[in-house]
Amino acid sequence: MASPPVTGSATVREHRGGPGPARFRPRRTPPAGAVRPKRRGVLSYWRQYLAISPFYLIFAGFSFVPVFYSLYLSFQRYDGLGTKQFVGLQQYEFLWNDPVFWLSIRNTLAIWVLSTVPTLFGALVLATLLHSVRRFKGFYRIALYVPNVTSIVAVAIFFGAVFSNNFGLVNAILGTVGIEPVPWLSNPWLIKVVIAALMTWMWTGYNMIIYLAGLQAIPQSVYEAAKMDGAGPVRTFFQITIPIMRPIILFTVVISTINGLQSFSEPQVLFASNAANANLGGPGQAGLTTLLYFYQSAFLDNDYGYGAAIVWAFFVLIIVLVVINWRIVQRGRKS
Amino acid sequence: MDLSRRGFLQAAVFTAAASGLTVACGGGSESGGTKNGKDLTLWYWGGALSDKVVAEAKTHFSGQIKLTSASIGGDFKQKLTTTLAAGGSSVPDITGIKGEDIASFLPNADRFLDLNDLGFNKISSQYLEWKTKLAQTKDGKQIGFPIDIGPTALFYRADLFDKAGLPTDPAKVAAEAKTWEDYFALGTELKKSQPGIFLVNNISSVFNIAVGQGTKRFIDEDNHFIGDQEHIRTAWETAIRPYTLGIDAKINDQTWNAAIGKNLATELGAAWHALDIESAAPGTKGKWRVCATPNGPANQGGSYLALPSQCRNPEEAFKIISWILSPDNNAKSYTDATIFPASPATYSMEAMTGPDAFFGGQKIIEVFGPAAEAIPVSYEAPADSAVMAPFMAELSSIEAKGKKPDDAWNDAVDQAKQIARRQGVN
């Protein structure tokens with residue numbers, strides 16, 4: 001079966017990496033006796049290196065160095081101002097025995113699943129609907145993308161008001177049909193649902209745009225052929241659209257994994273700490289994500305070493321999940 | 001085109017080199033800094049000082065010093081910590097430090113000047129001793145000059161009390177709510193006559209004040225964890241009472257803003273909390289009153305001014321802060337920005353003795369003034385707020401998911417011990 005155009009990126013890659021086009025091949029096996037052309041030194045490319053250096057300098061200064069400095073910090077005890085004290089693996093030992101850390105991991109994973117599944121499914125459905133829309137295309141696209149460019153703080157405050165336990169809009173509407181007020185912002189699971197709903201609201205439009213781009217690359221002839229064979233719209237969706245879109249779906253899964261696991265602002269704004277209660281993450285710490293716990297440990301409790309240990313342990317977890325994702329991607333390619 | 005690209009690259013290189021040079025100089029020039037600079041910077045956050053008094057200070061000292069003030073937004077402590085750790089010329093000459101952060105700066109007292117060397121010990125009697133002590137290291141180094149304090153009181157709705165047949169006069173209510181148990185009994189009365197009305201917004205606030213009423217907190221002066229001892233256990237039991245009596249509104253989110261004008265009959269809070277109530281429930285104007293906190297006053301918040309050791313002119317800087325925070329100017333600050341001063345002499349000044357319309361014309365200083373002076377001297381360790389956090393979290397767990405109070409206590413103590421160990425407490 002001919003590979004559909006969407007997976008064309010794989011074909012392109014073959015040209016760019018790997019053995020390369022034929023005209024470069026003779027260099028690898030120079031004819032005997034031929035004078036080997038003098039290899040140009042790295043320094044002779046200084047203009048090119050200079051041209052790309054701003055990014056690398058900024059990256060080194062603001063990302064690379066801090067990242068490894070935090071690794072160094074995770075073996076120290078440091079309050080941000082005083083002297084650092086080497087404590088070996090003690091911070092990681094604390095971490096292993098810290099129930100709040102494990103709670104934060106569970107919270108993060110639960111919120112991630114609760115938000116990613118509806119986000120991606122909703123985005124795919126919306127993209128399909130939008131793809132078949134004939135009029136007001138621009139309007140729908142903008143309307144669905146707007147949540148993604150809205151300030152996350154504003155959205156969180158809005159959600160806080162809408163889902164408010166005692167005086168929120170949702171409970172008011174439920175009240176009119178005789179349903180008792182639901183404790184959205186204090187029940188441990190509903191807290192996660194609200195945070196996940198917020199993230200779904202923000203990211204569905206973003207993923208929809210990506211899917212829409214993918215859908216537009218599917219040639220109409222494939223659909224026409226399916227139609228002639230008698231496939232209805234639902235069958236077309238599951239047996240043509242989804243298989244062809246697979247690489248794009250996997251791309252969005254990877255991106256959503258990285259974004260979803262790093263949820264921080266949503267619970268932070270939704271359950272802002274105050275002078276009387278400096279805890280983060282809401283009642284019962286049900287909305288305490290790992291990054292929020294890191295923030296609390298490092299910047300509120302002045303325990304920078306422990307904070308660094310939290311993020312490094314979390315980094316390991318993200319690596320594990322990314323490897324799982326990558327495996328799925330690879331399996332998808334082979335079949 | 002080619003030339004312009006090269007020109008661009010050259011410009012880029014020069015800019016990069018120049019900025020590198022500036023950074024290098026910025027770091028280096030500090031070492032031989034003189035201590036009689038004429039340009040001083042003051043860092044504070046919105047509402048920490050009266051902008052009007054700061055502006056007056058600028059003109060008052062304009063002959064000797066050019067004072068520049070910066071209102072720093074966001075996480076103030078974090079910005080200050082980062083700047084102090086980085087050093088250099090961007091460190092402010094005078095900075096505010098929040099009351100809840102002062103303890104965590106004490107282990108690094110060497111980053112600040114000892115105000116006693118500059119003459120604070122001569123005027124310290126004008127300020128509340130317990131507040132001054134909290135900004136003092138064990139060996140007596142004074143790093144913070146008290147700006148304001150947050151003496152607590154019991155705010156209550158006179159109209160709801162009246163409906164329940166309870167006294168409404170502040171002195172009488174104070175007498176009726178002398179102990180925590182008396183106070184909770186009022187809540188039961190209120191609930192009987194008006195179902196749906198709660199006495200306290202959440203039990204963490206009760207715990208916070210109950211702990212603050214004592215002289216010992218979670219860590220003692222020898223750096224031992226004492227958060228599992230009797231005084232904390234008592235505060236915990238006190239906090240649990242309104243929950244078991246069903247007079248706890250269990251509000252742990254932002255719905256407080258909506259609840260305050262509706263079904264909360266009382267509020268436990270510091271003097272500044274009056275502003276929160278006023279802005280959240282302007283419709284209840286005239287219905288609120290204030291009386292003494294059950295079982296005695298505590299403190300919540302209240303900030304300091306400090307001079308980082310890089311200060312370019314310590315003598316003048318100290319003159320400026322002692323001028324801004326003099327009892328007379330504190331009265332102006334109170335009028336302008338409701339900053340409750342740490343200088344008792346101000347309490348009898350006209351600015352503070354007037355009636356408050358929001359509290360039905362009550363002279364609220366008659367409650368907060370004596371409270372301020374009765375707050376006990378306590379010891380707050382650098383890791384105190386970190387160690388306190390699990391207790392607050394567990395109290396909110398009780399409210400949110402009905403966790404059994406005894407389990408919550410055990411978990412809180414376990415976690416607090418762990419945090420204490422992490423923070424180097426033994």
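Two residues are taken to be in contact if their C-beta atoms, placed from the backbone, lie within 7 Å. The structure described here is a predicted model, and this criterion underlies the account of how helix α10 of chain B is covered.

Helix α10(B) spans residues 203–212, and 10 of its 10 residues are buried, so the helix is largely enclosed by the rest of the structure. The buried positions are B:I203, B:S204, B:S205, B:V206, B:F207, B:N208, B:I209, B:A210, B:V211 and B:G212. The elements that cover them include two strands of chain B, β5 (152–157) and β6 (266–270), together with two helices, α11 (230–245) and α18 (384–401).

Strand β3 of chain B, formed by residues 94–97, is likewise made up of buried residues: B:I94 and B:G96 point one way, B:T95 and B:I97 the other. This strand has pairing partners in β1(B) and β8(B). With β1(B), residues 39–44, β3(B) runs parallel and is joined by two bridges; here B:L42 has B:I94 as its bridge partner. With β8(B), residues 304–306, the pairing is antiparallel and extends over three bridges. In that pairing B:G96 stands opposite B:L305. The residues B:I94 and B:G96, which point one way from β3(B), thus appear in the pairings with β1(B) and β8(B), respectively.

Chain A contains 13 helices and two strands. Of its 335 residues, 32% count as buried. Among contacts in chain A with a separation of 6 or more, 69% are accounted for by residues 24 or more positions apart.

Within chain A, the packing of α4(A) against α8(A) was examined. Two packed helices are described by the angle between their axes and the distance between the axes. The axes of α4(A) and α8(A), the latter comprising residues 188–216, come within 6 Å and cross at roughly 40 degrees. The crossing is right-handed. The contact between α4(A) and α8(A) has 19 nonpolar, nine polar and one charged residues.

The contact between the chains takes 37 residues from chain A and 38 residues from chain B. On the side of chain A that touches chain B, α2 (46–73) and α4 (99–132) each supply at least two residues. The largest share of this side, three residues, comes from α2(A). By class, the side of chain A that touches chain B has 17 nonpolar, 15 polar and five charged residues. Helix α4(A) therefore takes part both in the contact with α8(A) and, by supplying at least two residues, in the side of chain A that touches chain B.

Terms used
Residues are numbered from 1 along each chain as its sequence is written. Chains are lettered from A and ligands numbered from 1 in the order in which they are written. This is a predicted model: local features need pLDDT of at least 70, side-chain atom pairs count only at pLDDT 80 or more; totals for chains, interfaces and linings use all residues. A residue is buried if 20 or more other C-beta atoms lie within 10 Å of its own, exposed if 12 or fewer, and partly exposed in between; C-beta atoms are placed from the backbone. Helices (H or I, at least four residues) and strands (E, at least two) are DSSP runs, numbered from the N terminus. Two strands pair if DSSP finds at least two bridges between them. Ala, Val, Leu, Ile, Met, Phe, Trp, Tyr, Cys and Pro count as nonpolar, Asp, Glu, Lys and Arg as charged, and the others, Gly among them, as polar. Axes are lines fitted to C-alpha atoms, for helices over the stretch in contact, and angles run from 0 to 180 degrees between N-to-C directions. A crossing is left-handed if the near helix is turned anticlockwise from the far one by less than a right angle, and right-handed if clockwise.
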